[in-house]
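Student: Can you walk me through this one? I'd like to start with the aromatic rings.
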Amino acid sequence: MLITVTGGIGSGKTRFALKHAAQISREGVYLSTGDHDPVMPELPSAHYRAIQAGNGPKLAEVVTQINRESNLFLADQRIVVVDSLTSWMAASFRTAVDLHQQRGETQLLIEALLSYQGKILVITNEMHGSLHPSEEERVFAARMASVNRILHAHAEQMYMLVSGIALDMKAQQVRYED
């Protein structure tokens, strides 16, 4: 089961995600890039462990490893919280040799997240443009928005945080047929 939580910087995504995760799972793994204020005291119980995975581009490997080591019979009792996909993508974008390599790493990441057996909650940022973005900023924002659209399309639950208020986007969605 894929759950996404999105919103702007400082909107309360992490706090909401951890509380939501605690309501739907007995135990969990919190994968943090460590690029924001510590949230360890907010973890709901001793059944949640935090992994400070750093701000590197290897999220696909970490998720795949957790998936490989998981007990499929207990998968519904545990949740993996990824905080935040945007930080992982930015780190991958900065270290990639070229856009082709970064595109490949992005595809591996999407495949790892979508193939996870069990509950996974992905925290991501909404991408907003600036008035005069550099070419690199424009490409990153477009790639991040594309990844968000793919994840949101596959998510069973999707929440958007605005000033600390969570909106259930799946309940509110409107579809326009092409």
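Tutor: Sure. Rings of Phe, Tyr and Trp (its six-membered ring) pair if their centres lie within 6.5 Å. Keep in mind that this is a predicted model.

Student: How many aromatic pairs does that rule give?

Tutor: The count comes to two. Take the rings of phenylalanine 93 and phenylalanine 140. Their centres are 5.4 Å apart and their planes are at 70 degrees. Planes over 60 degrees apart count as edge-to-face, so this pair is edge-to-face.

Student: Where do phenylalanine 93 and phenylalanine 140 sit in the chain?

Tutor: In distant parts. Phenylalanine 93 is in helix H3 (residues 85–95), and phenylalanine 140 is in helix H5 (residues 135–154). They are 47 residues apart.

Student: Is phenylalanine 93 buried or exposed?

Tutor: Buried. Its relative accessible area is 12%, and buried means under 20%. Phenylalanine 140 is buried too, at 14%.

Student: New topic. Which residues make the nonpolar surface patch?

Tutor: Val162, Ile165 and Leu167 make it, and the patch is about 250 Å². Isoleucine 165 lies in strand E7 (residues 165–168).

Student: And is isoleucine 165 buried or exposed?

Tutor: Exposed. Its relative accessible area is 53%, and the cut-off for exposed is over 50%.

Student: Now helix H1. What should its twelve residues span?

Tutor: They should span 16 Å, at 1.5 Å a residue. The end C-alpha atoms of H1 (residues 13–24) are 16 Å apart, which agrees.

Student: Which residues of H1 are buried?

Tutor: Lys13, Thr14, Phe16, Ala17, Leu18, His20 and Ala21 are.

Conventions
Residues numbered from 1 in each chain as written. Predicted model: local features only at pLDDT ≥ 70, side-chain atom pairs only at ≥ 80, totals over all residues. Heavy atoms only, no water. Phe/Tyr/Trp six-rings, centres within 6.5 Å; stacked < 30°, edge-to-face > 60°. Helix = DSSP H or I, 4+ residues; strand = E, 2+ residues; numbered from the N terminus. Buried < 20%, exposed > 50% of the residue type's maximum accessible area, 1.4 Å probe, protein only. Patch = residues over 30% accessible without salt bridge, like charges linked within 9 Å, V, L, I, M, F, W, Y side chains within 5 Å. Areas by Shrake-Rupley, 256 points an atom, 1.4 Å probe, with all protein chains shown as cover. Salt bridge = Lys/Arg side-chain N within 4 Å of Asp/Glu carboxyl O. Expected span 1.5 Å × (residues − 1).
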